Amino acid sequence: MLDWLKVNLQYVLPKHLISRLVGKLAAAEAGALTTWLIKVFIKQFKVNMDEAMYSQPEDYRTFNAFFTRPLKPGVRPIDDNDDTLCHAVDGTVSQFGDIVGEDLIQAKGHKFTLSALLGGNPDLAKSFKGGKFATIYLSPKDYHRIHMPIEGKLTDMVYVPGELFSVNPLTAENVPGLFARNERVVTIYDTPVGKMAIVLVGATIVASIDTVWAGTITPPAGKHVTHWRYDEDEGVSLAKGEELGQFKLGSTIVVCFESDKVDFANLALEQVTRLGQPFAHKITPTAD
């Protein structure tokens, strides 16, 4: 009954309003109140501050600064094997596998389509039909910056307006099409393994989604899908392990690859991921 209530209340609560109000508080330099909130959060979610570049709650002037805290150098070494893609985030594997036609698995009994996830653009979706995907959930205690699994050149970014349901496992199991109905930012790259999409999915009280090349994409929330294209002259190239964006309060990423480009042999459901560790392997084409 409690789980039912947690899920169904989300349909009636003003999720955008709540998220923006929380966002204002998270961005406020509120002195002792900010420090107190950070201490409560660290205790409640068992955040490991030993890994943070700045380990004391008093080091952060805003809650957002704490939530997007950088890590100490060397804490997350990037796998340097040229045949390996590294994890983009600290989190937990929610789902992974084949994109069957246009369908991706959200949870048992729930699917969503590739076109819907990428903002309704069939031209963007066609590269990934029959490919692979992985969904990684970032819990409140996790590091909330997103990094590149492999070197790549940005070709497209799409802002997709939508809901702000929670993206925790309970909601993913009970809200149909969750990741294709929440507000999100789609990023597409040319890489040594073909096209790669990394979708940054918003959620309840996610106060902001930022990218390193464009800054804050949301808020404010838009009413229409917005598509930016990047050509060769704009030169947005990112190295393996380089930061590409961040969430201010937690969420989920969905990573998509073309068919026959990568192998998830060592991935498992509910596996804890750590930035820089092996995520997937390149598939080497076989000679005819």
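This text walks through one helix and one strand of a predicted model.

The helix is α3, which runs over residues 32–45 and so counts 14 residues; from its first C-alpha to its last it reaches 20 Å, close to the 20 Å expected at 1.5 Å a residue. Within α3, the residues that are buried, in the sense of having under 20% relative accessible area, are Thr34, Thr35, Ile38, Phe41 and Ile42. These buried residues lie on the same side of α3, because they cover an arc of only 125 degrees around the axis. It is this buried set that packs against α4, the helix of residues 63–67, whereas on the other side of α3 the residues Ala32, Trp36, Lys43 and Gln44 are exposed. Just after α3 comes Lys46, whose phi is positive, at about 55 degrees.

The strand to look at next is β14, which spans residues 243–248 and is mostly covered, with 6 of its 6 residues buried. Two strands that pair with β14 can be followed in turn. One of them is β6, made of residues 145–147, which pairs with β14 in the antiparallel sense over 3 bridges; here Arg145 has Gln246 of β14 as its bridge partner. Another is β10, made of residues 208–211, and this strand and β14 likewise pair in the antiparallel sense, over 4 bridges, with Gly245 of β14 serving as the bridge partner of Thr211.

Note on methods:
Residues numbered from 1 in each chain as written. Predicted model: local features only at pLDDT ≥ 70, side-chain atom pairs only at ≥ 80, totals over all residues. Heavy atoms only, no water. Expected span 1.5 Å × (residues − 1). Buried < 20%, exposed > 50% of the residue type's maximum accessible area, 1.4 Å probe, protein only. Arc of directions from axis to C-beta. Contact = heavy atoms within 4.5 Å. Pairing = 2+ DSSP bridges.
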